[in-house]
Amino acid sequence: MQPQNLIRTCSIWRALEIVGDTPTLLILEASWLGARRFEELRTRTGLLKALLSDRLKRLVVAGLFEKRPYCEAPPRFAYVLTEKGRDVYWTSLMMLAWELKWGGDTSKIAVELTHKPCGKRFVPEPACGACRATIDATQVDWAEGPGVGWMAPLYSRRRQQRESSGGATSLFDQAAQLMGDRWSSLIMRSIFTGVTRFDEIRADTAIATNILAERLQWLQSVGVIRQRIYATAPPRQEYRLTRKGVEYYPVLLMLLRWGDKYYVSPEGPPLVLSHKVCGARLDAQVVCSECRQTVEPQDVSFTIHERVPVPELIAV
Ligand SMILES: [Zn+2]
Ligand SMILES: [Zn+2]
């Protein structure tokens, strides 16, 4: 029996407590693109000074960045990713792949990725470490792991950040909105694990009814879930993932992997995934669509094309 207001222990939620925040995602993105110093990070993210400084402080405490002095007087620091910070890279690549396919043209710049070892332009794909096949959400089984239990999701007073991110160069606009709202990601987790009815989702996520209704509405408006009527008298609905929603799965998968690596309880992971295709325990990796090799951060180069804004028509 599920205790009230608690949710299943979940590495995704633990990971979201750190990276489920739009400004944080913008900072990570800026860092992948080479920004190190405060001013560079500020220009690239478009965040206000106070907000940027607050998030950088948190990211240093959480162990994703370390501060390295580059000037003594006045004291100045560069923000360099630690291994823990670098490991979020694969989640970001999956966000980027999803954004390129589904984000529409809301993102302000276009990006092309080149895989240096094979020299080709590529799309990052999630693959099974054992059989190397591309992972589809429908081919993954899950079972409770040794670390399963209950935890309290911390209530956040932060308002959902829906407006387009402020950065002049945002690579993942819609993906960052989804990931940046922890409740939405938690709802997606529930639906992915087969929890589809309103009351069940409420119990599974411990989200207040009004917030849940509002988030479900929003997830429909961005097109990742749809409502399906399964009984007419009285009318009852359930929520299903659209194709766009199903393809968001690798983002959560890589986030789960990161959470399992850094926030696992001594007993082990709360959730164990297996790949139905080959039967192996799922070790999800990001591979190059062209040569199928595992993608490492240092092997990727970005070519960024700033999109030229379409001039507004002026009536004469
Ligand atoms: Zn496999
Ligand atoms: Zn390649």
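**Figure 1. Hollow spaces inside the predicted model.** Let's start with the enclosed spaces: a search through the whole structure, which is a predicted model, turns up two cavities of 30 Å³ or more. This close-up shows the second largest cavity, with a volume of about 60 Å³. Which residues line the second largest cavity? They are Glu29, Trp32, Leu33, Tyr89, Ser92, Leu93, Leu96, Leu171, Phe172 and Phe302. Two elements, α2 (22–32) and α6 (89–102), give two or more residues to this lining. The largest share, four residues, comes from α6. Sorted by class, the lining of the second largest cavity has eight nonpolar residues, one polar and one charged.

**Figure 2. The largest pocket, with a volume of about 360 Å³.** Here we move on to a pocket lined by 18 residues, of which Lys101, Pro124, Pro126, Glu247 and Pro250 are the closest to its centre. Look for α6, β6 (124–128), α11 (243–246) and α12 in this view, since each supplies at least two residues of the lining of the largest pocket. Which element gives the largest share of that lining? It is α6, with five residues. By class, the lining of the largest pocket has twelve nonpolar residues, one polar and five charged.

**Figure 3. The second largest pocket, with about 280 Å³ of space.** Again 18 residues form the lining, and those closest to the centre of the second largest pocket are Arg8, Ile12, Arg189, Thr193 and Leu271. At least two lining residues come from each of α1, β7 (140–144), α8 (182–192), α12 and β11 (271–275). In this pocket α12 provides the largest share, four residues. The classes in the lining of the second largest pocket are twelve nonpolar, three polar and three charged.

**Figure 4. Helix α1 meets helix α12.** The axes of α1 (residues 11–19) and α12 (residues 249–262) come within 8 Å and cross at roughly 90 degrees. The two helices are therefore roughly perpendicular to each other. On the α1 side, the contact is made by Ser11, Ile12, Ala15, Leu16, Ile18 and Val19. On the α12 side, the residues are Leu252, Leu255, Leu256, Trp258, Gly259 and Asp260. Counting by class, the contact of α1 with α12 has nine nonpolar, two polar and one charged residues.

**Figure 5. Helix α6 beside helix α12.** At what angle do the axes of α6 and α12 cross? They cross at roughly 175 degrees and come within 8 Å. That angle makes α6 roughly antiparallel to α12. From α6, the contact uses Trp90, Thr91, Met94 and Met95, and from α12 it uses Pro250, Val251, Met254 and Leu255. Seven residues of the contact of α6 with α12 are nonpolar, one is polar and none is charged.

**Figure 6. Confidence along the chain.** The protein averages a pLDDT of 86, and 89% of the residues score at least 70. Two stretches deserve a careful look. Over residues 159–169 the pLDDT stays under 50, and the model has 32 contacts beyond four places in sequence for this stretch. Residues 310–316 also have a pLDDT below 50, with zero contacts in the model beyond near neighbours in sequence.

Note on methods:
Residues are numbered from 1 along each chain as its sequence is written. Chains are lettered from A and ligands numbered from 1 in the order in which they are written. This is a predicted model: local features need pLDDT of at least 70, side-chain atom pairs count only at pLDDT 80 or more; totals for chains, interfaces and linings use all residues. Side-chain values use heavy atoms; hydrogens and water are left out. Axes are lines fitted to C-alpha atoms, for helices over the stretch in contact, and angles run from 0 to 180 degrees between N-to-C directions. Angles under 35 degrees count as roughly parallel, over 145 as roughly antiparallel, 65 to 115 as roughly perpendicular and the rest as oblique. Contact means heavy atoms within 4.5 Å. Ala, Val, Leu, Ile, Met, Phe, Trp, Tyr, Cys and Pro count as nonpolar, Asp, Glu, Lys and Arg as charged, and the others, Gly among them, as polar. On a 1 Å grid over the protein atoms alone, a cavity is a set of points where a 1.4 Å probe fits but cannot get out, and a pocket is an open set with protein on both sides within 12 Å along at least five of seven lines; lining residues have an atom within 4 Å of a point. Grid points are joined across faces, edges and corners, and a volume is the space filled by probe spheres set on the points. pLDDT is the predictor's confidence in each residue, from 0 to 100.
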